[in-house]
Amino acid sequence: MGKPVVLGIESSCDETGAGIVRDGELLAHVVASSMDEHARYGGVVPEIAARAHLHAFNPVVRQALDQAGLRLNQLDAVAVTTGPGLSGALQVGLAGAKTLAYSAGVPLYGVHHLAGHVAADTLEHGPLPEPCVVLIVSGGHTSLLLVRDLVREPILHLGDTLDDAAGECFDKVARILGLPYPGGPAIDRAARDGDPEAVAFPRPLTRPGDDPYAFSFSGLKTAAARWVERHRVRGEELSVADGAAALQEAVADVLTRKALAACRAYDVRTLVVVGGVAANSRVRGLAEERCAAAGIELRVPPMTLCTDNGAMIAAVGDLLVRADAEPAPLNVSIDPSAPLEYASLTPLPSAPARAA
């Protein structure tokens with residue numbers, strides 16, 4: 001028997017993704033985004049997202065199979081995001097994945113969305129070092145993780161966001177500054193012409209005594225809103241570029257400062273930065289600077305694998321198949337608020353979790 005071929009399906013938010021992976025090699029990567037449909041509302045509308053997934057699902061899967069030069073009956077497994085995410089969007093992806101798995105007569109694996117972001121890096125840089133510190137930064141999640149064997153062992157949360165995630169902060173402040181949705185790329189573009197030291201925005205939870213690995217960006221968002229309001233009340237001209245640059249610098253500073261502290265505390269020599277905000281130029285740049293100074297290897301996926309996609313779900317499925325993981329039961333369902341404990345819905349029986 002040849003190396004297993006795994007199709008991955010992602011539909012947790014506003015991207016319908018299909019990816020195909022074989023033994024760690026990416027064979028196909030197709031994404032259809034409904035972002036333009038949400039932009040007029042300034043954020044993702046769940047009903048629009050679910051409807052967009054219905055329209056995009058079959059074309060995206062067909063295109064992925066064509067890109068890989070494969071037919072449905074040549075698949076060995078199907079992996080699908082079962083949570084967290086928008087309920088209706090997840091339901092569309094799971095229903096489609098179940099149909100494909102049943103039609104092809106292959107097992108189905110339920111995958112945690114955030115584990116997919118972690119696995120995305122393996123498609124570019126190979127197997128994850130054991131252990132490694134992973135910083136997940138996206139529109140809805142900001143977490144610091146200690147990862148050993150991604151598909152066999154529990155994932156240790158060192159710290160998570162207490163309120164707004166980094167990407168959520170970008171989106172909300174972009175709206176305040178009059179920039180378009182999505183806010184992350186808009187902030188990044190505007191910041192190119194700004195001075196990151198023009199505004200003294202706070203660095204939340206970085207004082208002595210604060211939780212060293214927890215994140216909080218709600219206060220930073222409020223500080224930006226007050227800065228804008230002060231200018232408008234006084235009738236002063238507002239430098240959107242300076243505001244964007246200073247905000248971006250504050251977010252990048254907090255993220256990388258805490259990630260490097262975790263690497264030092266746990267004696268880890270590799271930092272992996274994943275998720276949509278990993279595409280931010282200043283987050284990547286400052287992470288490179290600080291990792292180089294600390295002698296820590298930095299791994300960041302290519303830009304196309306940072307945002308939501310099916311390839312990252314296929315990557316987890318590929319690891320699960322190669323580890324002889326138990327497939328998901330036939331009655332597998334979604335979990336829109338699934339905590340990240342294991343990469344799969346049905347964890348592998350493995351050695352007891354090691355102490356941190």
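Here's a quick briefing on the fold, the charges and a few individual residues of this protein chain.

We're looking at a predicted model, so take everything below as computed from that model. The protein chain folds into twelve helices and ten strands. Its radius of gyration is 20 Å, close to the 21 Å that the globule rule gives for 356 residues, so the chain is as compact as a globular protein of that length.

**Overall shape and packing**

- Laid along its principal axes, the C-alpha trace spans about 70 × 45 × 30 Å.
- Of the 356 residues in the chain, 54% are buried.
- Take the contacts with a separation of 6 or more: 74% of them join residues that sit 24 or more positions apart.
- The accessible surface adds up to about 15,000 Å², and carbon and sulfur atoms own 50% of that.

**Charges in general**

- On the charge ledger there are 30 positive and 42 negative side chains.
- The centres of those two sets lie 2 Å apart.
- Side chains of opposite charge can pair when their charged atoms come close.
- Here the salt bridge count comes to 15.

**Arg22 and Glu25**

- Arginine 22 and glutamate 25 form a salt bridge through their side chains, at 3.7 Å from N to O.
- Both ends are partly exposed: glutamate 25 has a relative accessible area of 42%, and arginine 22 has 30%.

**Asp23 and Arg322**

- Aspartate 23 pairs with arginine 322 in another salt bridge, with an N to O distance of 3.2 Å.
- Arginine 322 belongs to helix α12 (residues 310-322), while aspartate 23 is in the loop between β2 (15-22) and β3 (25-33), so this pair ties together parts that are 299 residues apart in sequence.
- Arginine 322 is partly exposed at a relative accessible area of 42%, and aspartate 23 also counts as partly exposed, at 32%.

**Asp253 and Arg290**

- What distance separates N and O in the salt bridge between aspartate 253 and arginine 290? It's 2.9 Å.
- Aspartate 253 comes from helix α9 (residues 240-265) and arginine 290 from helix α10 (residues 281-294), so the bridge ties together parts that are 37 residues apart in sequence.
- Is aspartate 253 buried or exposed? With 6% relative accessibility, aspartate 253 counts as buried, because the cut-off for that label is under 20%.
- Its partner, arginine 290, counts as partly exposed at 28%.
- As for linked bridges, Lys3, Asp23, Asp318 and Arg322 are joined into one network by salt bridges that share partners.

**Thr256, in helix α9**

- Threonine 256 lies in helix α9, the helix that also holds aspartate 253.
- At 2% relative accessibility, threonine 256 counts as buried.
- Which residues does threonine 256 touch, leaving aside those up to four places away in sequence? They're Val283, Leu286, Ala287 and Arg290.
- Arg290 therefore turns up twice here, as a contact of threonine 256 and as the salt bridge partner of aspartate 253.

**Ala323, after helix α12**

- Alanine 323 is found in the segment after α12.
- This alanine 323 counts as buried, at 9% relative accessibility.
- From alanine 323 to threonine 16, the C-alpha atoms are separated by 27 Å, and the two residues are 307 residues apart along the chain.

Definitions and conventions: Residues numbered from 1 in each chain as written. Predicted model: local features only at pLDDT ≥ 70, side-chain atom pairs only at ≥ 80, totals over all residues. Heavy atoms only, no water. Helix = DSSP H or I, 4+ residues; strand = E, 2+ residues; numbered from the N terminus. Rg over C-alpha atoms; globule rule 2.2 N^0.38 Å. Buried < 20%, exposed > 50% of the residue type's maximum accessible area, 1.4 Å probe, protein only. Contact = heavy atoms within 4.5 Å. Areas by Shrake-Rupley, 256 points an atom, 1.4 Å probe, with all protein chains shown as cover. Lys, Arg positive; Asp, Glu negative; His and termini not counted. Charge placed at Lys NZ, Arg CZ, Asp CG, Glu CD. Salt bridge = Lys/Arg side-chain N within 4 Å of Asp/Glu carboxyl O.
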